Amino acid sequence: MDQVLPIALISVLLGTAIALVFFKNYFLKRKSEIGSIAKPEIHPDPLRKPPKPTHQSKKSHSHASSDKDHSKKHHPLDLNTLKGHGDSVTGLCFSYDGRSLATACADGVVRVFKLDDASSKSFKFLRINVPAGGHPVAVALSDDASSVVLASHTLSGSSLYMWGEEKVKDSNDSKQQPKLPLPEIKWEHHKIHEKKVVLTLVGTASTYGNGDGSTIVASCSEGTDIKIWHGKTGKNLGTVDTNQLKNTMAAISPNGRFIAAAAFTADVKVWEIVYSKDGSVKEVPKVMQLKGHRSAVTWLCFTPDSEQIITASKDGSIRIWNINVRYHLDEDPKTLKVFPIPLHDSNGGTLHYDRLSLSPDGRILAATHGSMLQWLCVETGKVLDTADRAHDGDITWIAWAPRPIPTGDGQKSILATASVDKKVKLWAAPPLRPA
């Protein structure tokens, strides 16, 4: 019996030791398993997208997009936006003093904005409804901001209207604002270019030679004809034919002496408006032709002194021409400068400019391609600044105000742009140094 007890005791102790060793190994292994399971929870799998982080990521992306839009809308030169248009803005034109801006819109309305301060939060405007069925395509101002000439198109052809109103008499009561009379149609012409659309409508004061200072307006059709009109009376003063398959645009020199047209070919034809002693138009003969581009000219503009023309072509170049020559002695216009168009696609190919407009001082050339807007130094041809997406759609028209306009930061030279995005934007001129 005495021998059995020690053996039993030893067996129990040995069994206990074995059990402890077993359970120790079991718990160590279990702890290792728990650690290996807990580790992915502390450091999530990067390929896994939990719902909450995914939502935050979308929110962050939306915020970035908003910041991008905010940056786009606030280009340093972007001063203001004229809102309220219900459709694509097809044309615009400043008054001679720069304080009024007329716009033509595909919603069937012509608006004449008052620009007393280009940085204002809101602008007063005069609303003119176009006759039913007409699609406004271009606008020009006649002798003052109250005389509006509009080109409108229907299925039957293009029409030309001029709205005018009586001068507003000054009120003795300075606190009471006089009511503006509603404009009425003073004259109208229909099917002015048969069934063809008017591409451009431009006006200027006839101050050259025997010109009486009244406004003359040129309507350029998509065909080959260009017609000249008297802004106040609506009288047709003459017609020229480019004979170049189809027109692209036409412009009148600031002094009312020349008409130049860009058409299907690489050459630009120039006509002179000859005035009689009584100020009426006597004739409009062709006087010169600009030859030098290798491909079609897409747009052109005159310099403020009416002695030079700037052209942009699909050949990738900009040319400045001297037209102050003795053409009656067969002296040809001379190319003064040639600049490469500083605009390229993703493959390195040169793009062309759609539109040009020269600042009133003749030093800055504004140019567009699609929704992009650039400012170039006329002296060097270098880019002064670029707005890659000046609008949310193609730019349809650009024009400089003839005179500086007041802003919250003093008087500034202002460029206006119109677009299919239903907006008109006002831009300050960039400093004259490469950006």
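## Core packing

In this predicted model, V270 touches F258, I259, A260, K286, V287, M288, L290 and I309, leaving out residues up to four places away in sequence. V270 belongs to the largest nonpolar core, which has 70 residues. Together with L101, I310, Y353, L356, L365 and L426, V270 is among the residues that touch the most other members of that core.

Another core lies apart from the largest one and holds 15 residues, including L384, I395, I398 and W427.

## Overall make-up

The protein has 33 strands and 2 helices. Of its 435 residues, 46% are buried. Among contacts with a separation of 6 or more, 48% are between residues 24 or more positions apart.

## The sheet from β2 to β5

Four strands form an open sheet in the order β2-β3-β4-β5, and the pairing is antiparallel. Strands β2 (89-94) and β5 (125-129) stand at the edges with a single partner strand each, so one side of each has no neighbour in the sheet. From one strand to the next, the twist averages 15°.

Strand β4, residues 109-114, pairs with β5 over 5 bridges in the antiparallel sense. One pair in this stretch is F113 with its bridge partner F125 in β5.

## T90 and its surroundings

T90 is found in β2, one of the two edge strands of the sheet just described. Its relative accessibility is 18%; buried means under 20%, so T90 counts as buried. The side chain of T90 reaches the backbone oxygen of P136 at 3.0 Å.

Leaving aside neighbours within four places in sequence, T90 is in contact with A104, C105, A106, H135, P136, V137, A138, T396 and W397. Of these partners, H135, P136, V137 and A138 fall within strand β6, residues 135-141. W397 and T396 are also on the contact list of T90.

## Strands β6 and β7

Strand β6 is mostly covered, with 6 of its 7 residues buried. β6 pairs with strand β7, residues 148-154, in the antiparallel sense over 6 bridges. A hairpin of 6 residues joins β6 to β7. L141 has V148 in β7 as its bridge partner.

## The sheet from β21 to β24

A further open sheet of 4 strands has the order β21-β22-β23-β24, again with antiparallel pairing. Its edge strands are β21 (297-302) and β24 (334-340), each of which pairs on one side only. The twist here averages 20° from one strand to the next.

Within this sheet, strand β22 (residues 308-313) and strand β23 (residues 317-322) pair in the antiparallel sense over 5 bridges. The bridge partner of T311 in β23 is R319. I309, a contact of V270, and I310, one of the residues that touch the most other members of the largest core, both fall within the range of β22.

## Annotated repeats

The unreviewed UniProt entry carries the annotation "repeat: WD" for residues 82-123 and 290-324. In the model, the span 290-324 is 54% strand and 0% helix. The end C-alpha atoms of this span lie 12 Å apart.

## The loop at T380

T380 lies in the loop between β27 (372-377) and β28 (383-387). T380 counts as partly exposed because its relative accessibility is 40%. A polar atom of the T380 side chain lies 3.2 Å from the backbone nitrogen of K382.

T380 and R433 are 53 residues apart in sequence. In space, their C-alpha atoms are 9.8 Å apart.

## Residues with positive phi

Most residues other than glycine have a negative phi. E194 has a positive phi of about 60°, although it is not a glycine. E194 is found in strand β10, residues 192-195. With a relative accessibility of 56%, E194 counts as exposed.

K422 also has a positive phi, near 75°, and is not a glycine. K422 lies in the loop between β32 (414-419) and β33 (424-428). Its relative accessible area is 42%, so K422 counts as partly exposed.

Technical notes: Residues numbered from 1 in each chain as written. Predicted model: local features only at pLDDT ≥ 70, side-chain atom pairs only at ≥ 80, totals over all residues. Heavy atoms only, no water. Pairing = 2+ DSSP bridges. Axes fitted to C-alpha atoms, helices over the stretch in contact; angles between N-to-C directions. Core = buried A, V, L, I, M, F, W, Y, C linked by side-chain atoms within 4.5 Å. Buried < 20%, exposed > 50% of the residue type's maximum accessible area, 1.4 Å probe, protein only. Contact = heavy atoms within 4.5 Å. Polar contact = N/O pair within 3.5 Å; in protein donor to acceptor, adjacent residues only side chain to side chain. UniProt positions renumbered as here; feature names shortened; annotations may be inferred.
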